[in-house]
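Hi,

Here is the structure I promised to pass on. Have a look at it first, and then read on for my notes.

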Amino acid sequence: MPEAKLVQTEHGTVPEGDGWFVLNARDARWGSIEGLGSYVPFEGDEKFPELGLNINVLQPAERGAMYHAEGHQEGFLVLAGEGLALVEGEERPLRAWDYFHCPADTAHVVVGVGKGPFVYVAVGGRSKDPSRLVYPVDPVALAHDAGVAEETKSGKEAYARFGKYETGPYREGTLPDG
C-alpha cells in the first residue's frame, strides 16, 4: 500500500486518496458546531470506508452528539477532563483513561462536565444500514440538554437547533499540552 499524499489547506492538513499516513492532530483539519464541541476526524474529503476515529473536545455542558442509538458499535476513550456517559437512561461519570463501550443499538451520548475541556477519542464502525439510527426520547438526556423531545430517525430534525458545521485549522490551546 502506498503512502497517501498529505495536502495543506486553509483549514488544515488532510490526506488525499488511499494509503497510509501519519498526521498530527494539531496540523489536521478540525470541525466544530456551536454547542457540540470540536473534533478532528483525520479524514480528507472521502471518509474512511470501514472505521471512523475522532479526537473530540467538549467544554462543560457541551454534548458530543444528540442522544441516539445506531447499527454499529462505538467506543470512547477519555484522555482528559470530566464527562458523563448517558447510556440507556443512566448516567456514568467519565474521567481520564476511562473507556466507554457501546454495542450496536445502545442509546447513548457523552457530555462535558467539570471545569475544563473534556477530551476523548471516539471510534466506531461505518454502518451500511442507516435505517438503524434513531434518536429516542430519554429524560436523562433531556435533563442534560442532549436529547430530543420527540423520537426521530432524522439527523436533520435532531440537530435542527444547532448552527452550521464549520471547518478550520487547529485552535491553539484546544488540546492539553503533551
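Below is what turned up, starting with the sheet and the hairpins and ending with the empty spaces.

One thing before you dig in: this is a predicted model.

**The open sheet**

Let's begin with the seven-stranded sheet. The sheet is open, its strands run in the order 9-6-11-5-4-3-12, and the pairing is antiparallel. At the edges you'll find strand 9 (99-102) and strand 12, each with a single partner strand, so one side of each has no neighbour in the sheet. If you look along the sheet, neighbouring strands are turned by 25 degrees against each other on average, ignoring direction.

Within that order, strand 3 and strand 4 (residues 38-40) are antiparallel partners joined over two bridges. If you want a spot to click on, try G31, whose bridge partner in strand 4 is Y39. Keep both residues in mind, as they come back further down.

**Two hairpins**

Next, the start of the chain. Strand 1 and strand 2 make a hairpin with two residues between them, and they pair in the antiparallel sense over five bridges. In this pairing K5 sits opposite E16 of strand 2.

L6 is a good residue to zoom in on here. It belongs to strand 1. Is L6 buried or exposed? Neither quite fits: its relative accessible area is 33%, and buried would need under 20% while exposed would need over 50%, so L6 counts as partly exposed. Leaving out neighbours within four places in sequence, L6 is in contact with T13, V14, P15, F21 and V22. As for L23, the residue is 17 places away from L6 along the chain, and the C-alpha atoms of the two are separated by 8.2 Å.

The other hairpin is made of strand 7 and strand 8 (residues 90-95), again with two residues between them. E88, in the turn, has a positive phi of about 50 degrees. The two strands pair in the antiparallel sense over six bridges, and A85 has R92 of strand 8 as its bridge partner.

Strand 7 has another partner too: strand 10, also antiparallel and over six bridges. There, G83 stands opposite G112. And how much of strand 7 (residues 82-87) is covered? Most of it, as five of its six residues are buried.

**The pockets**

Now for the open spaces. The largest pocket holds about 1,200 Å³ of space. A total of 46 residues line it, and those nearest its centre are Y39, K47, N54, E74 and R126. So you meet Y39 again, the bridge partner of G31.

Which element gives the largest share of that lining? Strand 5 does, with six residues. The elements supplying at least two residues each are strand 3, strand 4, strand 5 (51-58), strand 6 (74-80), strand 10 (108-113) and strand 11 (118-125). By residue type, the lining splits into 20 nonpolar, 17 polar and nine charged.

The second largest pocket has a volume of about 500 Å³. It is lined by 22 residues, with P15, G17, F21, E46 and F48 closest to its centre. P15 and F21 are also among the contacts of L6. Strand 1 (5-9), strand 2 (12-16) and strand 5 each put at least two residues into this lining, and the largest share, three residues, comes from strand 2. The lining here divides into 10 nonpolar, four polar and eight charged residues.

**The cavity**

Last item: the closed space. There is one cavity of 30 Å³ or more in the structure, with a volume of about 90 Å³. Its lining is made up of W30, G31, S32, S38, E166, T167, G168, P169, Y170, R171 and T174. Strand 3 (30-32) and strand 12 (166-168) are the elements that contribute two or more residues to that lining. This takes you back to the edge of the sheet, where strand 12 has its single partner strand. What kinds of residues line the cavity? Three are nonpolar, six are polar and two are charged.

That's the tour. Have fun with it.

Cheers

Conventions
Residues numbered from 1 in each chain as written. Predicted model: local features only at pLDDT ≥ 70, side-chain atom pairs only at ≥ 80, totals over all residues. Heavy atoms only, no water. 1 Å grid on protein atoms, 1.4 Å probe; cavity = no way out; pocket = protein on both sides within 12 Å on 5 of 7 lines; lining within 4 Å. Points joined across faces, edges and corners; volume = space filled by probe spheres on them. Helix = DSSP H or I, 4+ residues; strand = E, 2+ residues; numbered from the N terminus. Nonpolar A, V, L, I, M, F, W, Y, C, P; charged D, E, K, R; others polar. Pairing = 2+ DSSP bridges. Axes fitted to C-alpha atoms, helices over the stretch in contact; angles between N-to-C directions. Buried < 20%, exposed > 50% of the residue type's maximum accessible area, 1.4 Å probe, protein only. Contact = heavy atoms within 4.5 Å.
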